[in-house]
Amino acid sequence: IFFDRSQSVNQIQYCQISNAEFGIRASASTVNLKNCIFQDNVWGIVIEEGRTEIHSSLVRTSDKIGIAARKAHLLVKDSVITENGSGGFILEKSKAQIAQNNILNNGNWAIKAVSSANGVKAAHNWWGVDDPEQTEIIGKMTIQPILKKPINFKIAK
């Protein structure tokens with residue numbers, strides 16, 4: 001699904017997208033996702049110069065990146081980002097608030113922030129290990145405090 005300069009707030013709920021090049025791709029658009037599953041895509045979710053909120057969703061087994069944002073505003077809450085080939089998140093020149101998530105078992109890194117200048121807040125997440133630095137957190141961001149156990153995650157029906 002591709003949103004290109006959409007003028008409205010786009011809402012997607014209870015959706016499953018698999019085996020696509022991009023699960024969601026949004027350019028200069030606002031997209032809110034809730035209770036969705038993005039699985040077995042090349043790229044899970046890609047946001048460029050827009051705003052996206054992701055709640056209670058699963059992003060897993062993307063060949064490349066689970067969630068990518070460039071010059072964007074991103075909120076990810078109560079979700080699971082796992083088993084993505086290259087990494088869980090890549091954030092370039094973006095402001096992100098990532099909290100109350102399970103972020104684990106992602107390829108080369110859990111989160112990589114490039115030129116985001118303290119715009120990434122990733123506290124209150126469970127990283128799958130006691131020391132989140134073991135999961136390759138790259139770039140400047142706030143990750144403390146961390147959750148001591150995984151969030152209770154279930155897609156609502």
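Which cysteine sulfur is closest to the sulfur of Cys36, and why is there no bond? I started with this one. The closest cysteine sulfur is in Cys15, 5.1 Å away, which is too far for a bond. I keep in mind that this is a predicted model.

**Entry: cysteines**

I checked the pair from the other end. From Cys15, the closest cysteine sulfur is that of Cys36, at 5.1 Å. A disulfide needs the two sulfur atoms within 2.5 Å, so the pair does not qualify at 5.1 Å. I then searched the whole structure and found zero disulfides. I also looked up the burial of Cys36. Its relative accessible area is 0%, so I noted Cys36 as buried.

**Entry: secondary structure and overall form**

I counted elements next. The chain has 18 strands and zero helices. The radius of gyration is 14 Å, and the globule rule gives 15 Å for 157 residues, so the chain is as compact as a globular protein of that length. I took the box along the principal axes. The C-alpha atoms fill roughly 40 × 35 × 25 Å.

**Entry: the five-stranded sheet**

I traced an open sheet of five strands. I read the order as β3-β6-β9-β12-β15, with parallel pairing. The edges are β3 (16-18) and β15 (102-104), each pairing on one side only. I looked up the angle between neighbouring strands here. On average they are turned by 5 degrees against each other, direction ignored.

I followed one edge inwards. β3 runs parallel to β6 (residues 37-39), and three bridges join them. Within this pairing I picked out Ile17, whose bridge partner in β6 is Phe38.

**Entry: β13, β16 and β18**

I moved on to β16, residues 109-114. Which strand do five bridges join to β16? I found β13 (residues 87-92), running parallel to β16. Glu92 stands opposite Val114 of β16.

I also looked up the pairing of β16 with β18. β18 covers residues 137-138 and runs parallel to β16, with two bridges between them. Here Ile111 stands opposite Ile137 of β18.

**Entry: burial, contacts and surface**

I closed with totals for the chain. Of the 157 residues, 52% are buried. I looked at contacts with a separation of 6 or more. Residues 24 or more positions apart account for 23% of these. The accessible surface comes to about 7800 Å². Carbon and sulfur atoms hold 45% of that surface.

How values were computed. Residues numbered from 1 in each chain as written. Predicted model: local features only at pLDDT ≥ 70, side-chain atom pairs only at ≥ 80, totals over all residues. Heavy atoms only, no water. Buried < 20%, exposed > 50% of the residue type's maximum accessible area, 1.4 Å probe, protein only. Pairing = 2+ DSSP bridges. Helix = DSSP H or I, 4+ residues; strand = E, 2+ residues; numbered from the N terminus. Axes fitted to C-alpha atoms, helices over the stretch in contact; angles between N-to-C directions. Rg over C-alpha atoms; globule rule 2.2 N^0.38 Å. Contact = heavy atoms within 4.5 Å. Areas by Shrake-Rupley, 256 points an atom, 1.4 Å probe, with all protein chains shown as cover.
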